[in-house]
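Visitor: Could you take me through one part of this protein slowly? I'd like a close look at a single spot and what sits around it.

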Amino acid sequence: MPDALPSKVPEARPRIRILWGQHLLEDLLNGRYRSLVCAVNSEDNSRGIIAQLAALLPTSQWDERSITANAKQFAGAGPGGVNRVKVLKYDMDVVEVLAILRPAQRTLTVADLAHAFRIVAEMIGRKPGRTPSASVSFLGARANNLVGTDGKEPTFEAVLRAMHEGGYSGDVYPSPQMWQLAKIGLFPRYPFPATLDQLRRGGF
């Protein structure tokens, strides 16, 4: 549902566009994006979108084994060692993947995500050729599952907030599991309009 009526003067405030019901892999293969933000780990990426993309792009020099081997080299390197989140670059010719490396031997947290997206936003800002950019939602993952402060998977809004506060303003693709939500009104951009807060308080 629209969060505001179209205006002759577009809003200058950066927003995240939410691609409800769209197919990320198809859009990447059709050349709609120059960069992709997703997760990677140093153990097994066979089920991740990064390995799927590498296998489908004929000019990519990466495969699941080399992606994982590269991540393993960085997993314990640098200040902070294994507990520090990092962003790795995988050049797949048509698309550059900015992969958030899950810290070894623990799950990815919302705090990790917020820190990583500050790095991602800086990387995109310093190299305009990385736009347009798309990101996964980091929800519903298997190997790189995301948790909040309570140890449970966070809400989609919490993920969007971490991305936006980090400075990211690209597109985000919700997880396919979210396509099964009941028929409700969904906003196409984040931050959500102020009227949503009024509705949450019981106002109209």
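Guide: Let's look at Phe-138 and then at its surroundings.

First, some ground rules. This is a predicted model, with local features needing pLDDT of at least 70 and side-chain atom pairs counting only at pLDDT 80 or more, while totals for chains, interfaces and linings use all residues. Residues are numbered from 1 along each chain as its sequence is written, and side-chain values use heavy atoms, leaving out hydrogens and water.

Phe-138 lies in the loop between strand 6 and strand 7 (146–147). Helices (H or I, at least four residues) and strands (E, at least two) are DSSP runs, numbered from the N terminus. The phi of Phe-138 is near 65°, a positive value in a residue other than glycine. Phe-138 counts as buried because its relative accessibility is 5%; buried means under 20% relative accessible area, exposed over 50%, and partly exposed in between, with a 1.4 Å probe and protein chains only.

Now for the neighbours. Leaving aside residues up to four places away in sequence, Phe-138 touches Val-37, Cys-38, Ala-39, Ile-100, Leu-108, Leu-113, Phe-117, Leu-146 and Met-163. Contact here means heavy atoms within 4.5 Å. Phe-138 also belongs to the largest nonpolar core, which has 50 residues, and along with Tyr-90 and Ile-100 it touches the most other members. Such a core is a set of buried Ala, Val, Leu, Ile, Met, Phe, Trp, Tyr and Cys residues joined through side-chain atoms within 4.5 Å. Helix 4 supplies the largest share of this core, 6 residues.

That brings us to helix 4 itself. Helix 4 (residues 110–126) packs against helix 5 (residues 156–165) at an angle of about 30°, with the axes 8 Å apart. Axes are lines fitted to C-alpha atoms, for helices over the stretch in contact, and angles run from 0 to 180 degrees between N-to-C directions. So helix 4 is roughly parallel to helix 5; angles under 35 degrees count as roughly parallel, over 145 as roughly antiparallel, 65 to 115 as roughly perpendicular, and the rest as oblique.

On the helix 4 side, Val-110, Leu-113, Ala-114 and Phe-117 meet Ala-158, Val-159, Ala-162 and Met-163 of helix 5. The residues of this contact divide into 8 nonpolar, no polar and no charged, where Ala, Val, Leu, Ile, Met, Phe, Trp, Tyr, Cys and Pro count as nonpolar, Asp, Glu, Lys and Arg as charged, and the others, Gly among them, as polar.
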